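Me: I'm new to this structure and would love a close look at a single part of it. Could you pick a good place to start and walk me through what surrounds it?

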Amino acid sequence: MAEVWGAGGGGGTQAAGSAGGGEGSGGYGVQFFTVSPGQSFPVTVGGGGAAGANGGNSSFSTLVANGGTAGAAGANPANGGAGGTVSGSLSSTNGGVGAAASQDNSGGQQVGTGGDSPKGGQGGQANTASLIGTAPGGGGCGGISSLIAGGAFPSVGGTRADGRVIVSF
């Protein structure tokens, strides 16, 4: 049996005083494979996206979990990234969608949190200074203006969590 998680993408960077959107998390899939002695299978573990970049795909043979897409850079609203999809699986769950960021008329910002990975890592949250998604596959949180946040949070979107492949027999 193989389980794969796509990597989470990076959160959108804040721009023009508006917070960035959260990144989507990687998808999750599971599949059973018949194995013969000496047989080998191609394996890829997706790398998480830097701020504003998509997460990498993870795969085992024909089972592929796509990484989440990056959150949008600061705008009003800054859309969250889509969760990764899965192909070649017996059972799968698409990755969680990153939350959109917005700004109200008084200048208050709602930063986009990263999408949670199915059966995996948590998306980056705005209540931590790192904004980083956790493995496997959590999406990064969007960046927030350090002026509005009192300098406590980075303005660059949070990085993502790497994907994962687990093979058991």
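Reply: Happy to! Let's begin with Leu90, which counts as exposed because its relative accessibility is 56%, and the cut-off for exposed is over 50%. Please keep in mind that this is a predicted model. Leu90 lies in the loop that links β6 (86–87) to β7 (91–93). On the surface, Leu90 joins Met1 and Phe32 in a nonpolar patch, and together they have about 320 Å² of accessible area.

Met1 leads us to the part I would like to show you closely, strand β1, which covers residues 2–5. The side chains of this strand point in two directions: Ala2 and Val4 go one way, Glu3 and Trp5 go the other, and all are buried.

What does β1 pair with? One partner is strand β2 (residues 28–31), joined to β1 in the antiparallel sense over four bridges. Within that pairing, Glu3 has Val30 of β2 as its bridge partner. Another partner is β10, again antiparallel and again over four bridges. Here Val4 is matched with Val165 in β10. As background, strands of a sheet pair through backbone hydrogen bonds, either parallel or antiparallel.

Now follow Ala2 and Val4 inward. Both belong to the largest nonpolar core, a group of seven residues that also includes Phe60, Leu63, Ala65, Val86 and Val165. The elements giving two or more residues to this core are β1 and β5. In soluble globular proteins, nonpolar side chains tend to be buried together.

Phe60 is a good core residue to pause on. Leaving aside neighbours within four places in sequence, Phe60 is in contact with Ala2 and Val4, and also with Phe33, Phe41, Pro42, Val43, Val165 and Val167. Phe60 sits in strand β4 (residues 58–60), which three bridges join to strand β5 (residues 63–65), the two running antiparallel. In this pair, Ser59 stands opposite Val64 of β5. Both strands are part of an open sheet of four, with antiparallel pairing and the order β3-β4-β5-β6. At its edges are β3 (43–44) and β6, each of which pairs on one side only.

From β4 we can find a route back to the end of β1. Ser58 and Gly163 are 105 residues apart in sequence, but their C-alpha atoms are 6.1 Å apart in space. Gly163 belongs to the loop between β9 (109–110) and β10 (164–167). With a relative accessible area of 11%, Gly163 is buried, because the cut-off for buried is under 20%. Beyond residues up to four places away in sequence, Gly163 touches Trp5, Gly6, Ala7, Val45, Gly46, Ser58 and Pro136. That list brings us back to Trp5, one of the residues of β1.

Finally, let's step back to the whole protein. There are ten strands and zero helices. Of the 169 residues, 45% are buried. Contacts between distant parts of the sequence, like the one between Gly163 and Ser58, have their own tally: among contacts joining residues at least 6 apart, 63% link residues at least 24 apart. As for the outside, where our patch of Met1, Phe32 and Leu90 lies, the protein exposes about 7,200 Å², with carbon and sulfur atoms supplying 53% of that area.

How values were computed
Residues numbered from 1 in each chain as written. Predicted model: local features only at pLDDT ≥ 70, side-chain atom pairs only at ≥ 80, totals over all residues. Heavy atoms only, no water. Patch = residues over 30% accessible without salt bridge, like charges linked within 9 Å, V, L, I, M, F, W, Y side chains within 5 Å. Areas by Shrake-Rupley, 256 points an atom, 1.4 Å probe, with all protein chains shown as cover. Salt bridge = Lys/Arg side-chain N within 4 Å of Asp/Glu carboxyl O. Buried < 20%, exposed > 50% of the residue type's maximum accessible area, 1.4 Å probe, protein only. Contact = heavy atoms within 4.5 Å. Pairing = 2+ DSSP bridges. Core = buried A, V, L, I, M, F, W, Y, C linked by side-chain atoms within 4.5 Å.
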